[in-house]
Protein chains: 2
Amino acid sequence: MATGRTHRPATRSRGIPEATVARLPLYLRALTALSERSVPTVSSEELAAAAGVNSAKLRKDFSYLGSYGTRGVGYDVEYLVYQISRELGLTQDWPVVIVGIGNLGAALANYGGFASRGFRVAALIDADPSMAGKPVAGIPVQHTDDLEKIIDDNGVSIGVIATPAGAAQQVCERLVAAGVTSILNFAPTVLSVPDGVDVRKVDLSIELQILAFHEQRKAGEEAEAQAGAVLEAEAAAAAAKETGKGPDGDVPAVMPA
Amino acid sequence: MATGRTHRPATRSRGIPEATVARLPLYLRALTALSERSVPTVSSEELAAAAGVNSAKLRKDFSYLGSYGTRGVGYDVEYLVYQISRELGLTQDWPVVIVGIGNLGAALANYGGFASRGFRVAALIDADPSMAGKPVAGIPVQHTDDLEKIIDDNGVSIGVIATPAGAAQQVCERLVAAGVTSILNFAPTVLSVPDGVDVRKVDLSIELQILAFHEQRKAGEEAEAQAGAVLEAEAAAAAAKETGKGPDGDVPAVMPA
DNA sequence: CCATCTTTGTGCACGCGTTCACAAAGACAT
DNA sequence: ATGTCTTTGTGAACGCGTGCACAAAGATGG
Ligand SMILES: NC(=O)c1ccc[n+]([C@@H]2O[C@H](COP(=O)([O-])OP(=O)(O)OC[C@H]3O[C@@H](n4cnc5c(N)ncnc54)[C@H](O)[C@@H]3O)[C@@H](O)[C@H]2O)c1
Ligand SMILES: NC(=O)c1ccc[n+]([C@@H]2O[C@H](COP(=O)([O-])OP(=O)(O)OC[C@H]3O[C@@H](n4cnc5c(N)ncnc54)[C@H](O)[C@@H]3O)[C@@H](O)[C@H]2O)c1
């Protein structure tokens, strides 16, 4: 198996920071929009604004790719689109399989943004026999039995899992065994994979919970602000009373002062 | 359990690290599974394995919430479920609206995992008049015209955007103006919002591109490994010519005239 | 009550990512 | 050519997150 665990010095000049990699698609999207408007060049300031990031960060990100800008002018849009595309590996075609063609899987299959960037839905796979042959988004659904053959025939290295959580790990293992080395997981499970296999997860539930946390915090602060000087009361209460309660009390630690 | 002593040096009541917040739902999910299996206590080691994180990291995360563990034993599952739920704000009900009931929006509406954790789909909203009144996942779709009223009537503070990219910013502004302060965005756009509004984005395309990057890198390393001594050649070339930065000796850095 | 054993909670060091600030590079006008 | 003006590319400082390693807490058994 492709164990990236070689005696390589690691972090070589080839080592683009992960945070930067994650932003490249963002830049690419903004650049593509500019390209469509036939804008010839952009400054780091403008592009950063379009991508919603700090301009210094953007320049540093680009510095990892090389010096593609012109001082006093900015970056050549077309050229940068090409460089980033190449860096991300989008100049080649990536056949992708989607496993689990339910509500979500079908939506993904129908998603146009897939093909727009070198990603091609090579096959749709589901365990439900009654779905076999039925076309979704113009592509006939194939049965899980043929998973290995499909992966192999199409040279698929990227798989998308949209099955129920209970089936995800098993599906994952079959995909990996068949040669898939990158997985995008929509099922709410922690997938365990061997070294050399990349997994990224998209978890709606987690995102909502994070939002809820901040939402609650906002509500709490608002309440405190309304209560005025109650902040001090909270601090005092927290210091004095530590029994059984959490860091900030279950109910907003503000007593009706 | 209520062995709380004034031992805690004024725990970061509000300052829970963002990285920790993002992991709490993960812990909660693992704990819920344990709870369903009636497991009374769990060690940081076990729970960390279930959540796919480092045990030291998990303990540090929990330390931000307070000292809820018992040394020599571990954590009380039920109690921890409660504490994390409370911290995340899941002990209350969060009405959510989904805007843009197309392929993805419909899938989201049908998603069972929504309601399972205090999130309630309060309304489905779409701009297409022909969809108005038509039920999706048992909930009648309402027209965008009534967006403000719906938000207000239901006390919605969390909105999900699943419209085409072109409409996202506009929809976002209407949501915010109507009182929504947390947005989960599925459209491939950078949303600009006023201070105090949280936005999280789920971007399939970006995830795939990140996977493609690593996939390409893996393929490159594999090729290098096969080529054997070529590694040295590359190192030499890299040392000699550092203007370009060709990873695999690709197109030279030719500036566009 | 003491000894031993398990597991937490955390101080500390380290590395990554972000941001500032500015010298240098180049465009452009004169 | 020379000067000015714009914008890049990056050195350096800083802050956050991670993981190690261990002392302390508490359970358990004698
Ligand atoms: N629908 C959403 O918006 C949404 C959002 C977030 C997460 N998710 C997650 O995505 C996954 C799919 O959600 P969904 O709503 O599409 O569920 P679904 O039940 O509609 O679809 C699941 C599909 O997977 C197929 N399947 C089951 N076991 C399989 C196996 N072993 N191999 C291949 N296919 C198999 C089923 O036949 C079904 O077609 C779930 O894990 C869900 O939690 C869904
Ligand atoms: N389908 C996917 O799997 C997927 C994946 C990633 C991202 N996305 C993104 O999610 C969004 C939705 O994707 P989709 O496949 O469901 O598209 P879709 O075209 O099927 O659905 C879009 C829906 O939004 C509605 N709409 C349009 N303008 C609106 C407005 N101003 N207000 C309210 N509703 C409006 C349309 O009537 C339609 O029902 C797109 O931005 C897409 O890029 C989709």
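How far does a polar side-chain atom of B:Lys60 lie from a base oxygen of DNA strand C, and what is the distance? The separation is 3.1 Å, as shown in the second view below.

This is a predicted model, in which local features need pLDDT of at least 70, side-chain atom pairs count only at pLDDT 80 or more, and totals for chains, interfaces and linings use all residues. Residues are numbered from 1 along each chain as its sequence is written, chains are lettered from A and ligands numbered from 1 in the order in which they are written, and side-chain values use heavy atoms, with hydrogens and water left out.

**View 1. The protein surface near DNA strand C.** There are 26 residues around DNA strand C, and A:Arg23, B:Ser44, B:Arg59, B:Arg71 and B:Tyr75 come nearest; a residue is near a molecule or strand if one of its heavy atoms lies within 4 Å of it. Of the strand C atoms that come within 4 Å of the protein, 65% belong to sugar and phosphate. At least two residues each are supplied by helices H1 (18-36) and H3 (55-65) of chain A, and by helix H3 (55-65) and strands S2 (69-70) and S3 (74-76) of chain B. Helices (H or I, at least four residues) and strands (E, at least two) are DSSP runs, numbered from the N terminus. H3(A) gives the largest share, four residues. Seven residues of this surface are nonpolar, ten polar and nine charged. In these classes, Ala, Val, Leu, Ile, Met, Phe, Trp, Tyr, Cys and Pro count as nonpolar, Asp, Glu, Lys and Arg as charged, and the others, Gly among them, as polar.

**View 2. Polar contacts to DNA strand C.** A polar contact here is a pair of N or O atoms within 3.5 Å. Base oxygens of strand C lie 3.2 Å from a polar side-chain atom of A:Lys60 and 3.1 Å from one of B:Lys60. At B:Ser44, a polar backbone atom is 2.5 Å from a phosphate oxygen of the strand.

**View 3. The site of ligand 2.** Chains A and B both contribute residues around ligand 2, so the site is shared between chains. The shell has 23 residues, the closest being B:Asn103, B:Leu104, B:Asp126, B:Ala162 and B:Thr163. Helix H5 (103-110) of chain A, and helices H5 (103-110) and H7 (165-178) of chain B, each supply at least two of them. H7(B) gives the most, with three residues. By class, 16 residues are nonpolar, five polar and two charged. A backbone N or O atom of B:Thr163 lies 2.6 Å from a ligand oxygen, and a polar backbone atom of A:Ala107 is 3.2 Å from a ligand nitrogen. Taken alone, ligand 2 exposes 820 Å², of which the protein buries 80% (Shrake-Rupley method, 1.4 Å probe).

**View 4. B:Glu215 in helix H8 of chain B.** B:Glu215 sits in helix H8 (residues 204-227). Its relative accessible area is 7%, so B:Glu215 is buried (under 20%; exposed is over 50%, partly exposed in between; 1.4 Å probe, protein chains only). Apart from neighbours within four places in sequence, B:Glu215 is in contact with A:Trp94, A:Ser157, A:Thr181 and A:Ser182, where contact means heavy atoms within 4.5 Å.

**View 5. The two protein copies.** Chain A is superposed on chain B by a rotation of 180° with 0.0 Å of shift along its axis (RMSD 0.1 Å). The two copies are thus related as by a two-fold rotation axis. The fit is by least squares on the C-alpha atoms of residues with pLDDT of at least 70 in both.

Note on methods
Polar contact = N/O pair within 3.5 Å; in protein donor to acceptor, adjacent residues only side chain to side chain.
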